[in-house]
Amino acid sequence: MRRLINTLIKVSFVVLILTNFTWAATPLSDERVKEAQQCGINVVDVKGAKELIAKGAIIVDVREYPEYIDGHIPSAIWAPRGLMDFQAYNWLPDKEKTYLIYCKTGGRGSIVACDLKKLGYKNIYNLKGGFEAWQQAKEAIEKGEPQGMGKGIKK
């Protein structure tokens, strides 16, 4: 009996973990990402992102606060996607500058890149594969607090 209970607990734990990791999106978010990817946004891989950074691109992390503090691309400003619609003009005042947008895997970054393009920003790039691709390429990361939402752009 004890063995059966232990087995049920283990199976329940595995099922719980699998549903949390595989249920990452809703049909609405899938549709939103698909639309964003079709709006003509520029997408770069890690190599292309590094080239943009070397040329002075502003790196914008659109993930949530816990994701940012757990690790981000060095010198990235934190501008969460959920507030970007309201704060884009304040956080990213120069529509002519080059912005490298990223999130965890590329979905939220695609949405933000498309929204910024619709707002008239000229040089918007989304990191293909997001922060996960950056980490898989074994590129440098920083950990720690942001200077604040949308803060950190060097004028």
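This is a short talk about the nonpolar cores of one protein and about two of its helices.

Okay, hi everyone. One thing before we start: what you see is a predicted model.

Let's begin inside. As a general point, nonpolar side chains in soluble globular proteins tend to be buried together. Here, the largest nonpolar core has 22 residues. Which of them touch the most other members? They're Val60, Met84, Leu92, Tyr99, Ile101 and Leu116.

Now, where does this core come from? At least two of its residues are supplied by each of these: helices α2 (27-37), α5 (81-91) and α6 (107-118), and strands β2 (58-61) and β4 (98-102). The biggest giver is α6, with five residues.

Pick out Val60 on your screens. Leaving aside residues up to four places away in sequence, Val60 touches Ile77, Ala79, Met84, Leu92, Tyr99, Leu100, Ile101 and Tyr102.

There's also a second core, separate from that one, with 14 residues. Ala49, Leu127, Ala133 and Trp134 are among them.

Right, on to the two helices, α2 and α6. Their axes come within 8 Å and cross at roughly 50 degrees. That angle is why we call α2 oblique to α6. The crossing of α2 past α6 is left-handed.

So who meets whom? From α2 we have Arg32, Val33, Ala36 and Gln37, and they meet Gly107, Ser110, Ile111, Cys114 and Asp115 from α6. Sort the residues of that contact by class and you get four nonpolar, three polar and two charged.

That's my bit, thanks!

Key:
Residues numbered from 1 in each chain as written. Predicted model: local features only at pLDDT ≥ 70, side-chain atom pairs only at ≥ 80, totals over all residues. Heavy atoms only, no water. Core = buried A, V, L, I, M, F, W, Y, C linked by side-chain atoms within 4.5 Å. Buried < 20%, exposed > 50% of the residue type's maximum accessible area, 1.4 Å probe, protein only. Helix = DSSP H or I, 4+ residues; strand = E, 2+ residues; numbered from the N terminus. Contact = heavy atoms within 4.5 Å. Axes fitted to C-alpha atoms, helices over the stretch in contact; angles between N-to-C directions. Parallel < 35°, antiparallel > 145°, perpendicular 65-115°, else oblique. Left-handed = near helix turned anticlockwise from the far one by under 90°. Nonpolar A, V, L, I, M, F, W, Y, C, P; charged D, E, K, R; others polar.
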